[in-house]
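User: Hey, I'm new to this one. Can you walk me through some of the charged residues?
Analyst: Sure, let's pull it up.

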Amino acid sequence: MLLSMEHLRKEYPNGKIAVDDFNLQVDRGEFISFIGTSGSGKTTTMRMINRMLNQTSGTIKIDGKDISKMDPVKLRRSIGYVIQNIGLMPHMTIQENIEIVPKLLGWSKEKRAEQAKKMINLAQLPEEMLQRYPGELSGGQQQRIGVVRALAADQQIILMDEPFGALDPITRESLQDLVKHLQEDLGKTFIFVTHDMDEALHLSTRVVIMSHGKQVQVDTPENILRHPANEFVTNLIGEERLIRAQPNILSVSQIMLKNPAAITPDKTLDDAIDLMHERRVDTLLVTDAEGVLQGYVDLDDINRITDATTPVSRFTNHEVFYVQASALIGDTVDRILKQGVKNVPVVDAKKHLVGIVTRTALVDIVYDALRGAPADNEEPASPINADIHAAATHEGGESSQ
């Protein structure tokens, strides 16, 4: 056991409790992410590890030694630390920045120089950058230096406090890959604070979810996705991630309803009303004679027409959002959910209408995720159960918009 945190509590003089009865055992080589809403206590907990903050009660041990009995300066030099604004010294070269802690630890000049070269290579940057100053590097390059500088003194524990929060998405993704590679390759133990659930799930061996100073769930990313502890965790994860976690649901065709209510453009207003009544829907999809999706009509459109013989083509909405039947759920669910619609038509490669995906069906997959996988002797849960079919068919569920 490298790091042990038992019954940690942090209470400020004004009575505010930032962390309450926090417990965590961390093995060597783990990547632990703390995540939660603002004020959940994640950063406070991390800062107690290197005594930037002192706990009110409880114990923290590194290699079995109580850190409250250690020299705080020596403790901090033995732990790597990376923050969002990097903290590179602008008047020092990159090499001098990398060598700060090794120099304080009394390493020889030659050993420090050798380590600086090793670190710049780990950062995947050219060695000539060692003689540059931070202001000559991009934000992403500076952050790479910040990451490897934390590893320069060969510390076993690396603390990272939302290090990539201010970076653009492409740079951020690149640095996530760098950190994951370094952690796995060097076998270091990372404690990582983030507000980004995707980042936590991608990087971590275990995720610590916090709320109001307390641990809500501590588990592997896979188990958190499959078995959220409560509604707070479910909401923090979000619908899309829960659906992505379902291994049995691969393509849109697996969850779509077949035979959606559709009408051709040559039919009349009277025909449209009759079909709506028959199918008990408030929207019809419009297809040509070959079944190619053309658009949709809904009750609002129909209510504006007075002549019962008006052809459907005259009041068809042609801007219709649709998805391919062969598309992977993981690639399309976010687009579907963000549309804010009840359902979406499904087409084949030639845009022939083949089905419809209801938002209710997507939510049903989330419920399956919360219930967990079926037992070995049970049939897999259907992604759309009978009441979902009923809701989709009889309560306007087939409308395309």
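User: Is Arg172 buried or exposed?
Analyst: Arg172 is buried, at a relative accessible area of 12% (buried is under 20%, exposed over 50%, partly exposed in between, with a 1.4 Å probe and protein chains only). Keep in mind that this is a predicted model, where local features need pLDDT of at least 70, side-chain atom pairs count only at pLDDT 80 or more, and totals for chains, interfaces and linings use all residues. Residues are numbered from 1 along each chain as its sequence is written, and side-chain values use heavy atoms, leaving out hydrogens and water.

User: Which residue does Arg172 form a salt bridge with?
Analyst: Asp196, with the closest N and O atoms 3.5 Å apart. A salt bridge here is a side-chain nitrogen of Lys or Arg within 4 Å of a carboxyl oxygen of Asp or Glu.

User: And where do those two sit?
Analyst: Arg172 is in helix H7 (residues 169-186) and Asp196 is in the loop between strand S8 (189-194) and helix H8 (197-203), so the pair ties together parts 24 residues apart in sequence. Helices (H or I, at least four residues) and strands (E, at least two) are DSSP runs, numbered from the N terminus.

User: How many salt bridges are there in the whole structure?
Analyst: A search finds 14. One of them pairs Glu128 with Arg132, at 2.7 Å between the closest N and O atoms. Glu128 is partly exposed at 44% relative accessibility, and Arg132 is partly exposed at 25%.

User: New topic: what's the phi of Asn259?
Analyst: About 60°, a positive value although Asn259 is not a glycine. Asn259 is exposed, with a relative accessible area of 57%.
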